[in-house]
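The exercises below are meant to be worked through with the sequence and the coordinates open side by side. Each task is followed by a solution that proceeds step by step.

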Amino acid sequence: MKISDKPKKTKTGQYSTNEETLLKYSEHEIVGKILEFRQIMKLKSTYVDALPELINPRDNRIHTTYMQAVASTGRLSSQNPNLQNIPIRTERGRAVRKAFIPSSDSRVILAADYSQIELRLMAEMSQDPAMLEAFESGEDIHSATAAKVFDVDPSEVTRNMRDKAKMVNFGIIYGISAFGLGQRLGISRTEASELIENYFKLYPGVKAYMDGSIELARKNGYVETLLKRRRYLSDINSRNATVRGFAERNAINAPIQGSAADMIKVAMIKVDAIFRKEGIKSDMILQVHDELVFDAEKSELEIIRPIIEREMREAMPELKVPIKVDMDTGANWLEAH
DNA sequence: CGTGTCACG
DNA sequence: ACGTACGTGACACGT
């Protein structure tokens with residue numbers, strides 16, 4: 001349509017048509033139509049059409065395969081079908097999630113998920129006093145961060161300030177860069193740099209931990225999780241700054257993401273052991289990185305709720321940072337959230 | 001089979 | 001000057 005003089009191209013020279021690029025031309029009515037069409041086709045092809053084809057005739061259920069040696073951080077991955085990317089963010093997507101229901105009338109779906117697990121592990125592994133205090137006092141971590149970074153009273157924190165602080169917190173876990181944060185927040189690199197600088201003043205232990213992780217990777221060639229799972233980083237001393245930067249962000253992210261993976265795996269093993277020993281009939285059916293999903297007998301709910309909550313929370317009993325587990329039940333997976 | 005896109009944590 | 005926030009899997013499409 002010759003909308004732009006200098007259309008954005010992909011790495012291989014084709015016109016970019018991803019959502020972020022199209023939204024720069026949102027004044028053209030075709031943009032919204034294309035994005036809505038894409039969303040519907042994605043949901044239809046990936047879920048609505050595909051999932052019924054994967055029903056096992058022996059039990060009329062869908063079974064995923066969990067892979068334990070794919071993700072380099074120690075997470076599980078899920079394939080054929082991937083049940084770790086069932087939609088939840090849009091209304092049409094949520095309609096798909098509603099289709100995941102209990103196996104009989106005597107059951108409900110129970111979902112239990114770790115609250116802010118990766119940020120809590122950042123607090124634990126860095127032993128940063130202010131971040132530990134924020135979790136120990138039970139405050140909303142993103143609001144608490146916003147209040148301090150923007151230097152306002154906690155009651156004065158706006159939605160916008162909290163959203164920004166949340167993005168910085170996520171960025172920290174990913175091995176932050178001013179460029180990446182700026183892009184996410186739609187602000188300049190300079191502004192993003194100032195935000196990060198304020199953040200590190202607030203949480204100096206986090207900064208020291210991040211630098212230490214990179215240092216350790218340089219010295220040993222790998223980083224490790226709380227349970228000593230290693231991620232080797234052969235590019236950590238690369239002369240190519242882009243390649244090296246990638247490895248440095250991995251050095252920060254892998255111990256955090258990987259320790260969360262260690263922790264939920266321990267919880268799964270312990271929950272399974274207790275369920276067996278106690279003759280529990282309810283079934284642990286899904287793991288989605290920080291969440292466990294159960295096909296639960298209503299008559300067993302009062303027994304299993306505290307078991308699941310405790311075993312997830314205490315999977316690593318030596319932690320100083322408090323661990324919080326949220327839990328709910330419903331007639332389908334969506335309602336259980 | 002590679003690329004681009006988009007679904008999730 | 002370049003090129004970047006972490007980890008995945010599935011689908012459509014072109015080669």
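A residue is taken to be near a molecule or strand if one of its heavy atoms lies within 4 Å of it. The model is a predicted one, and every value below is computed from it.

**Exercise 1. The surface near DNA strand C**

Task: Determine which residues come nearest to DNA strand C, and which element gives the most to the surface near that strand.

Solution. Step one is to collect the residues around DNA strand C, of which there are 30, and to pick out those that come nearest, namely S77, N80, G171, F179 and N250. Turning to the atoms of DNA strand C that come within 4 Å of the protein, one finds that sugar and phosphate account for 61% of them.

Step two is to sort the surface near DNA strand C by class, which yields nine nonpolar, 16 polar and five charged residues.

Step three is to look at individual atom pairs. In N82, a polar side-chain atom lies 2.9 Å from a sugar or linking oxygen of DNA strand C, and in R249 a side-chain N or O atom is 2.8 Å from a sugar or linking oxygen of that strand. For M167, by contrast, a backbone N or O atom is placed 3.2 Å from a base nitrogen of DNA strand C.

Step four is to assign the surface to elements: two or more residues are given by each of helix 2 (29-48), strand 4 (77-79), helix 8 (159-174), helix 9 (178-185) and helix 12 (241-277). Helix 12 gives the most, with six residues.

**Exercise 2. Salt bridges**

Task: Count the salt bridges, and explain why D211 and K207 are separated by about one helical turn.

Solution. Step one is the general idea that side chains of opposite charge can pair when their charged atoms come close. The cut-off needed here is a side-chain nitrogen of Lys or Arg within 4 Å of a carboxyl oxygen of Asp or Glu, and the count by this rule comes to 23 salt bridges.

Step two concerns D211 and K207, whose closest N and O atoms are 3.4 Å apart in a salt bridge. Because these two residues stand four apart in helix 11 (residues 204-220), about one helical turn separates D211 from K207. With a relative accessible area of 38%, D211 is partly exposed, and K207 is also partly exposed, at 34%.

Step three takes E224 and R230, a salt bridge in which the closest N and O atoms are 3.9 Å apart. E224 has a relative accessible area of 26% and is partly exposed, while R230 counts as partly exposed at 43%.

Step four takes E302 and R305, where the corresponding distance in the salt bridge is 2.8 Å. Since they are three residues apart in helix 13 (residues 301-313), E302 and R305 are likewise separated by about one helical turn. E302 counts as exposed at 61% relative accessibility, whereas R305 counts as partly exposed at 28%. Beyond such pairs, R61, R107, D283, D295 and E297 are joined into one network by salt bridges that share partners.

**Exercise 3. A nonpolar patch**

Task: Identify the residues that form a nonpolar patch on the surface together with I3, and decide whether I3 is buried, partly exposed or exposed.

Solution. Step one is to name the members, M1, I3 and I30, which together have about 300 Å² of accessible area. Step two is to place I3, which is found in the segment before helix 1 (19-22). Step three is to classify I3: its relative accessible area is 35%, so I3 is partly exposed.

Conventions: Residues numbered from 1 in each chain as written. Chains lettered and ligands numbered in written order. Predicted model: local features only at pLDDT ≥ 70, side-chain atom pairs only at ≥ 80, totals over all residues. Heavy atoms only, no water. Patch = residues over 30% accessible without salt bridge, like charges linked within 9 Å, V, L, I, M, F, W, Y side chains within 5 Å. Areas by Shrake-Rupley, 256 points an atom, 1.4 Å probe, with all protein chains shown as cover. Buried < 20%, exposed > 50% of the residue type's maximum accessible area, 1.4 Å probe, protein only. Polar contact = N/O pair within 3.5 Å; in protein donor to acceptor, adjacent residues only side chain to side chain. Nonpolar A, V, L, I, M, F, W, Y, C, P; charged D, E, K, R; others polar.
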